[in-house]
Amino acid sequence: MRFSHSSNLLVALAVTWCLHGSIAQAGAPRDSRDQRHARVDAVFAPWSGKATPGCAVGISRDGVLDYARGYGMANLEYDVPITPQSIFHLASISKQFTAFSIGLLAQEGKLALTDDIRKYLPELPDYGQPITLAHLMHHTSGLREQGQLLNLAGWRGDDLYTESDILWALTRQRQLNFEPGTEVLYGNAPYTLLAVIVRRVSGKSLRAFADERIFNPLGMTDTHFRDDHTEVVSRRASAYGAREGGGWRISVPHIDHYGSTSLQSTVIDLLKWQQNLLDARVGGQALKTLMQTSGTLNDGVVTGYGGGLRLADYRGLRIVGHDGMDGGFRTDAVLFPDQRLAVIALCNGSTIDATDLARKVAEVYLGDLLRNTLPPAVELPEAEVSALAGNYWSPVTDEIVRLEFKDGALRQVGTSTAFVPIGKGIFRPGASMHVWRFSVPSAQSPTRLSIKDVWPTTRDFIRVTAPLPASAALASFAGQYRSDEVDMTYTVRVVDGRLVIRWPRRDEVVLEAAGGDRFVGSLGAVSFTRAAAGGVDGLTISNRRLRRLRAERVGASRQAPTVSTSASGRK
């Protein structure tokens, strides 16, 4: 059934009237209905104007709608406000529905999570060790990130990205980021491939399969996977990015692929899905359990990621959910299963933190059931903190992390989040629970850094101590570099005393020297390699989700390159 804005509001009011006095429980705030909703409105007050994008929020308790409202504008050009019926692009919230579809096919015996993906995707390379469907589902496959591959192949950010484009890029890759099952690294390529597998196994597109098996049975009449970016969708919200100097610009992703993204829905529909994660009306208890069971690495380490769902703890309470980010869309869907509270925040502005807003709404409902688990700050001498500034390189991922001491605090270069010391060489970025741990340097060992974020594995870095190259030495890196894996030739040259790299259809990227043969820019870390004779013979490009994509220097001899493994970065 579809509800108009006015009829849905009446339903919400009726429901909340019936719930008056029943929401409060031990430890939860005992506000009246109106007080509770006023506190939610205050959370979204910064995004409630008529000249700004904003959010829709939906909240349910025990499967019953408690509050739904829109704030800000769905379309700034035509003065269309956001309502609970506004349809948003959900970005990565989509992944759980793809995983659920795979689970339904597994229940029917049409596939198994232990299957080698090449059984269904024979065009993918054989890496000498199987990648299973479970590896895809739990982000332990080692596959390189699809969007970054296409960017390095010349796609612009506002180009159309299709499923065939992604398959083209993935089938050309000669190596993985890591051996399947040894690490967990979030990415989008695995879920795009799962969507392809749904089609090849079921004979139906993921859109048709999910409509028939998930959305229609749950009454999610405003929900579908978008497979055509030109499709007209009534009540769909636009999205906006911040314009330099103030104001907004349109920032809607052009995507004709799905599985990892592209689900369209409303807060009302998503609350119906959240209830299914509790009562398993569609799929049954076994599939509900599969969705909310974490993957594990080969060594038995639990990853904290289930079937398209992050399985975590928030201030002492168990949560199940996911966030999303595409173009200007920012989304978050979180379920507190033990308290049977679901909160959905769907936003259409790039500067809106939907996850933070959803957590603040949860705090309104859960009160002092939530513990303060944030480690307190400790005082450190300024000289001790400032000494940690510098460039750090990971021998495993080839990433570069740049830290500076600015405005009295340690922070990553180009970011505003200050690092807060919490003792024993450990810092947390702002109010985050992530951990950055620095070793104590010695005469024999440079400072080391370990980063622990939402995943169980850590990333280890070594301070780069090699000197920055002199201006005259930059010319030795200039030239053309060819990567067959993305069918692209990169041009490196010196401009105004700095190294830059560019490739067709992309803006020139400045490469800041990090020490020795290592540089960093907006595309990630660029490490130049040298032949045995000492000349530069190639480069590798690395970032968080793509490691060591190699490009050979055009005209260079094909001797085996040497890559730095020392703290100094020397060859």
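Let's start with one strand pair: β5 and β11 (residues 263–265) run antiparallel and are joined by 2 bridges. Across that pairing, His89 sits opposite Gln264 in β11. Keep in mind that this is a predicted model.

The two strands belong to an open sheet of 3 strands, ordered β5-β11-β7 and paired antiparallel. The edges of this sheet are β5 (88–89) and β7 (224–225), each of which pairs on one side only.

Now for the whole chain. The protein has 12 helices and 31 strands. How does its radius of gyration sit with what a compact globule would have? For 571 residues, a compact globule would come out near 25 Å, and the protein has 25 Å, so the two agree. Along the principal axes, the C-alpha atoms fill a box of roughly 80 × 60 × 50 Å.

Here are a few percentages for the protein side by side:

| Property | Value |
|---|---|
| Buried residues, out of the 571 residues | 53% |
| Contacts joining residues at least 24 apart, among contacts between residues at least 6 apart in sequence | 61% |
| Exposed area supplied by carbon and sulfur atoms | 52% |

The surface that last row refers to comes to about 23,700 Å² of exposed area.

And the charges? The protein carries 64 positive and 58 negative ones, and the mean positions of the two sets are 1 Å apart.

How values were computed:
Residues are numbered from 1 along each chain as its sequence is written. This is a predicted model: local features need pLDDT of at least 70, side-chain atom pairs count only at pLDDT 80 or more; totals for chains, interfaces and linings use all residues. Side-chain values use heavy atoms; hydrogens and water are left out. Helices (H or I, at least four residues) and strands (E, at least two) are DSSP runs, numbered from the N terminus. The radius of gyration is taken over C-alpha atoms; the globule rule is 2.2 Å times the number of residues to the power 0.38. Buried means under 20% relative accessible area, exposed over 50%, partly exposed in between (1.4 Å probe, protein chains only). Contact means heavy atoms within 4.5 Å. Accessible areas come from the Shrake-Rupley method with a 1.4 Å probe; for residues, only the protein chains shown count as cover. Lys and Arg count as positive and Asp and Glu as negative; His and the chain ends are not counted. The place of a charge is taken as NZ of Lys, CZ of Arg, CG of Asp or CD of Glu. Two strands pair if DSSP finds at least two bridges between them.
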